[in-house]
Amino acid sequence: MKDEKWFAELESRIPRGEVRTRFAPSPTGYMHVGNLRTALYTYLIARKNKGKFILRIEDTDQERLVEGAVDVIYKTLAECGLTHDEGPDVGGPVGPYVQTERRGLYMEFAERLIERGHAYRCFCEKAEEGAEGGFEKADDPCRNLSREESEARAAAGEPFVVRQRIPHEGSTTFHDEIFGDITAPNADLDDQVLMKRDGLPTYNFANVIDDHLMGITHVVRGTEYLSSAPKYNLLYEGFGWDVPRYVHCSPVMRDAHNKMSKRHGDPSYEDLIAQGYLTEAVVNYVALLGWSPGGEREIFSLKELEEAFDLSGLSKSPAIFDIEKLRWLNGEYIRALSAEDFNRRAEPYIRQAVKNAAIDSADIAALLQQRTEVLTEIPQKLGCGGGAESFFDRLPDYDVELFVNKKSKSTLESAPRFLRLAREALALCSWDDESILEALKAVAEGEGVKNAAVMWPVRIAVSGTQVTPGGAVEITRILGREEALRRIDEALKKLGS
């Protein structure tokens, strides 16, 4: 075991005097909504208090590692604007913060805990069952081995795990920022494994060591770790360290009875982005899953969340993930984008539907922005559903009955005359929205009818569909004079005129 000078040197390097939080994901799968919420709350606590937000990859469970999961973590945090101050790609006073790269630290601290009587070596075969399995504390014969025998067997090369020595009597109380003081009888706590036979620490041990060495002041995690908190406290006490402030967040639920789960088709962050949601809207919505800012306001930028977030707004109750609420919020964000920004985001979806490069995506985006809630609905709005081509690329084969519209007072008898007059006017007018509108209004005025009686047959003629993202004026202008007039001519042939 290292001498006291070695431990003192580590202690001297611990950052102090500021709020320090950490997001410590295990790269064992995708970045689900609960993970993102933990990262966000951890980040907001740090930023609200002008502190540091630390990223730490907890990869000690080598059997469950998923290839590419670390990249997903980095990518998600970067896209969401959750910039970490220290971590694997930034460095820090005791970084890089990847647990398997720090494996030499943990056994030293385990040995120190053994020396102080708060842990012991277990040589039993049953300990191989796993970090969380094995003996109840009262049944483990190694708990009562003399120090001399334990050290002799270890020195002889006999494999062992290190277990925490939980007191048989009394209770342990810890404080949580959401749930208050919680007391657990020590008799209900098991002698958890701290170090595995492969020399790697378990999650429960490594995060206590790292939280201390990194000067973490606030630990944010899910309520599933409430039952482990008393054991963490006993570890802190065994080392003589200050306990950080615990923030145990209630789960995010699919409904009143079920947690969100990838297995049940619930979306990850990446899924939501692929489904057409904006990162800003997802971050805003996730912040509201268990936290209330007070008042009626619901829309916050990340910067505004940094200023508004407060632990007092966190709820004890589980949060229900409401995809319709997210959809509404996403629509609000889309409408608030600048025209240029919306076009940039919408263009890939527009080009799924509209292949004609001569048509400017910005013109189509202008029609869609106020009518779109999620980006993935754009191809459908452009008539590109079920493999069909967009009407901007090719006029569909439509039935002449579409020209009949009671509300617009358009009939099969009136449509041909209005289309002929509209064609004449469009052939001569300037080609912009205002000029096209005035030309069609002049036709309606000359015929003594409402504008809709002329606009409806023109819209059907140029689009071949009843539902379009824009009106007759905008679609006609985007198609261009030649194509618009050609389509009106085709409509007149359909109508036998």
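**Salt bridges, a cavity and two residues in a predicted model**

Author: In this predicted model, Asp363 and Arg477 form a salt bridge between their side chains, 3.3 Å from N to O.

Reader: Where do Asp363 and Arg477 sit in the chain?

Author: Asp363 belongs to helix α13 (residues 361-368) and Arg477 to helix α18 (residues 472-479). The two are 114 residues apart, so the pair links distant parts of the chain.

Reader: Is Asp363 buried or exposed?

Author: Neither; Asp363 is partly exposed, at a relative accessible area of 27%.

Reader: Which residues are joined into one network by salt bridges that share partners?

Author: The network consists of Arg22, Arg56, Glu58, Arg102, Asp210 and Asp211.

Reader: Take Glu58 and Arg56. What is the N to O distance there?

Author: The side chains of Glu58 and Arg56 meet in a salt bridge at 2.7 Å, N to O.

Reader: And why does Arg56 count as buried?

Author: Because its relative accessibility is 0%, and buried means under 20%. Glu58 is buried too, with a relative accessible area of 3%.

Reader: How many salt bridges are there in the whole structure?

Author: A search of the whole structure gives 37.

Reader: Give me another one. What does Lys231 pair with?

Author: Lys231 forms a salt bridge with Asp190, and their closest N and O atoms are 2.9 Å apart. This pair also links distant parts of the chain, with the two positions 41 residues apart in sequence numbering. Lys231 is in helix α7 (residues 229-239), while Asp190 is in the loop between β6 (180-185) and β7 (193-195).

Reader: Which are they, buried or exposed? Lys231 first, then Asp190.

Author: Lys231 counts as buried at 8% relative accessibility. Asp190 is partly exposed, with a relative accessible area of 21%.

Reader: Changing topic. How many cavities of 30 Å³ or more does the structure hold?

Author: One. The largest cavity has about 30 Å³ of space in it.

Reader: What lines the largest cavity?

Author: The lining is made up of Arg37, Tyr41, Ile178, Cys249, Ser250, Gly290, Leu314, Ser315 and Ser317.

Reader: How does that lining divide into nonpolar, polar and charged?

Author: Four of the lining residues are nonpolar, four are polar and one is charged. Arg counts as charged, so the charged one is Arg37.

Reader: On to Ile320. Where is it found?

Author: Ile320 is in strand β11 (residues 319-320). Ile320 is partly exposed, at 43% relative accessible area.

Reader: What does Ile320 touch, not counting residues up to four places away in sequence?

Author: Ile320 touches Met253, Arg254, Asp255, Ala256, Tyr285 and Leu289. As for Asp255, Ile320 is 65 residues from it in sequence, but the C-alpha atoms are 5.8 Å apart in space.

Reader: Last one, Asn405. Where is that?

Author: Asn405 lies in the loop between α14 (378-381) and α15 (414-428).

Reader: Buried or exposed, in the case of Asn405?

Author: Asn405 counts as buried, because its relative accessibility is 16% and the cut-off is under 20%.

Reader: Which backbone nitrogens lie by a polar atom of the Asn405 side chain?

Author: Those of Lys407 and Ser408. The Lys407 nitrogen is 3.2 Å from a polar atom of that side chain, and for the Ser408 nitrogen the distance is 2.8 Å.

Reader: What is Asn405 in contact with, leaving aside neighbours within four places in sequence?

Author: Asn405 is in contact with Ser410 and Trp456.

Definitions and conventions
Residues numbered from 1 in each chain as written. Predicted model: local features only at pLDDT ≥ 70, side-chain atom pairs only at ≥ 80, totals over all residues. Heavy atoms only, no water. 1 Å grid on protein atoms, 1.4 Å probe; cavity = no way out; pocket = protein on both sides within 12 Å on 5 of 7 lines; lining within 4 Å. Points joined across faces, edges and corners; volume = space filled by probe spheres on them. Salt bridge = Lys/Arg side-chain N within 4 Å of Asp/Glu carboxyl O. Buried < 20%, exposed > 50% of the residue type's maximum accessible area, 1.4 Å probe, protein only. Helix = DSSP H or I, 4+ residues; strand = E, 2+ residues; numbered from the N terminus. Contact = heavy atoms within 4.5 Å. Polar contact = N/O pair within 3.5 Å; in protein donor to acceptor, adjacent residues only side chain to side chain.
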